[in-house]
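These are notes on the coordinates you sent, set out as numbered points. Please read them with the structure open.

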Amino acid sequence: MDLNTEWMSIAVDHQSMNGYVAVPARAKDHPLPVVLVIQEIWGVDEHIQDMTRRFATAGYRAVAPDLYSLGEKHPALTPERIQWVKQFLDTMPPAGWANPEIREQYVAKEPEPRQSGIRETLGKLFAPRDNQAYARQLAAWVDHFADQNLPVVSVGYCMGGQLSFLLATKTERLTAAVCNYGMAPEPDDMAHITCPVYGFYGGTDHRITDLVPGVAEAMAKLGKTFHYKIYPEAGHAFFNDSRVSYHPDAARDGWAETLAFFAHALPQTALAGS
């Protein structure tokens, strides 16, 4: 399918934020429903851009907001520097990724200037982040398209999965949300959700997946719609086909389930383009 792709920007918190956009070339002027594709910790990298294009081939206007671009992107978060970090993390056990002491043992083995660059970028990526602020910024993207009478759904991966779930607590203008292997909001936040949520999880990703039954119970007690699916043999980040974590069976099924979920949740008039 021919796609039109471009970068756009909107005002968020009185600053500019960029987003990668993909839309079917022959439907670029149609009022298509919008899929917000929410980044992993790596930013709007080639994998997230690829996922954005995939949603466009399914007949959506797909937009991936670059959460690191608000105002001006820090040099440590450029694509080249993040690629260094991804390559570096593949050399160490995933269990040690979030452990600064273990990471430093491996960083010290890298040659300069990569060592200093990796250390700085790791510091930025794994620093405490304000997910509430990110979710509010994403809500500004929902408003941008909802103000044009376009229905909006969200899907996120890892950090983005957590933010997709959290976004559903920040706006009543979101039609549906998909969380891929992300943490759930606190029950006090869940109480504000008005749209259905679908979660996809890897069975060996115990840090996140072991909590899912409790999430489902909390959502049910609040009267919220939450479906989830666990792929027993898959781990964290099973959708990311650029990394060793990729699990094609889980990714294939999760993709089909996500499209069916969005098709069911979106107004049929929107799907018809009327």
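1. A disulfide is taken here as a pair of cysteine sulfur atoms within 2.5 Å. By that criterion, a search of the whole structure gives zero disulfides. The model is a predicted one, and the points below should be read accordingly.

2. Two cysteines can be checked individually. For Cys-179, the closest cysteine sulfur is that of Cys-158, and the 9.6 Å between them is too far for a bond. For Cys-195, the closest cysteine sulfur belongs to Cys-179, at 12 Å, so here too the gap is too far for a bond. Cys-179 is buried, with a relative accessible area of 0%. Cys-195 also counts as buried, at 4% relative accessibility.

3. The largest pocket holds about 770 Å³ of space. Its lining has 28 residues, and those nearest the centre are Pro-94, Trp-97, Cys-158, Arg-207 and His-236. By class, the lining divides into 17 nonpolar, five polar and six charged residues. Helices α6 (159-167) and α8 (206-209) each supply at least two residues of this lining. Cys-158, one of the residues nearest the pocket centre, is also the residue whose sulfur is closest to that of Cys-179.

4. How many residues of α6 are buried? Eight of the nine are, so this helix is largely enclosed by the rest of the structure. The buried residues are Met-159, Gly-160, Gly-161, Leu-163, Ser-164, Phe-165, Leu-166 and Leu-167. Helix α6 nevertheless contributes at least two residues to the lining of the largest pocket.

5. The second largest pocket has about 260 Å³ of space and a lining of 16 residues. Nearest its centre lie Tyr-68, Lys-124, Pro-128, Arg-129 and Tyr-134. Helices α4 (114-125) and α5 (131-146) each provide at least two lining residues, and α5 gives the most, with three. The lining comprises 11 nonpolar residues, one polar and four charged.

6. Lys-86 deserves a look. This lysine sits in helix α2 (residues 79-89) and is buried, with a relative accessible area of 9%. What does its side chain make a polar contact with? The partner is the side chain of Asp-45, at 2.8 Å. With neighbours within four places in sequence left aside, Lys-86 is in contact with Trp-42, Asp-45 and Arg-243. Asp-45 therefore appears both as a contact and as the polar partner, while Lys-86 itself counts as buried because its 9% falls under the 20% cut-off.

7. One cis peptide bond should be inspected. The bond from Glu-112 to Pro-113 is cis, with omega near 5°. Pro-113 is in the loop between α3 (100-107) and α4; α4 is one of the helices that supply the lining of the second largest pocket.

8. Two residues other than glycine have positive phi, and their surroundings should be checked separately. Asn-149 has phi of about 65° and lies in the loop between α5 and β5 (152-157). Is Asn-149 buried or exposed? Asn-149 is exposed, with a relative accessible area of 71%, which is over the 50% cut-off. Tyr-181 has phi near 40° and lies in the loop between β6 (174-180) and α7 (187-190). Tyr-181, by contrast, is buried, with a relative accessible area of 0%.

9. Thr-258 belongs to helix α10 (residues 248-265). This threonine is buried, with a relative accessible area of 2%. Beyond neighbours within four places in sequence, Thr-258 is in contact with Phe-55, Val-178 and Phe-200. The C-alpha atoms of Thr-258 and Gly-199 are separated by 9.4 Å, although the two residues are 59 residues apart along the chain.

Note on methods. Residues are numbered from 1 along each chain as its sequence is written. This is a predicted model: local features need pLDDT of at least 70, side-chain atom pairs count only at pLDDT 80 or more; totals for chains, interfaces and linings use all residues. Side-chain values use heavy atoms; hydrogens and water are left out. Helices (H or I, at least four residues) and strands (E, at least two) are DSSP runs, numbered from the N terminus. Buried means under 20% relative accessible area, exposed over 50%, partly exposed in between (1.4 Å probe, protein chains only). A polar contact is a pair of N or O atoms within 3.5 Å; within protein, one must be able to donate a hydrogen and the other to accept it, and residues adjacent in sequence count only if both atoms are side-chain atoms. Contact means heavy atoms within 4.5 Å. On a 1 Å grid over the protein atoms alone, a cavity is a set of points where a 1.4 Å probe fits but cannot get out, and a pocket is an open set with protein on both sides within 12 Å along at least five of seven lines; lining residues have an atom within 4 Å of a point. Grid points are joined across faces, edges and corners, and a volume is the space filled by probe spheres set on the points. Ala, Val, Leu, Ile, Met, Phe, Trp, Tyr, Cys and Pro count as nonpolar, Asp, Glu, Lys and Arg as charged, and the others, Gly among them, as polar.
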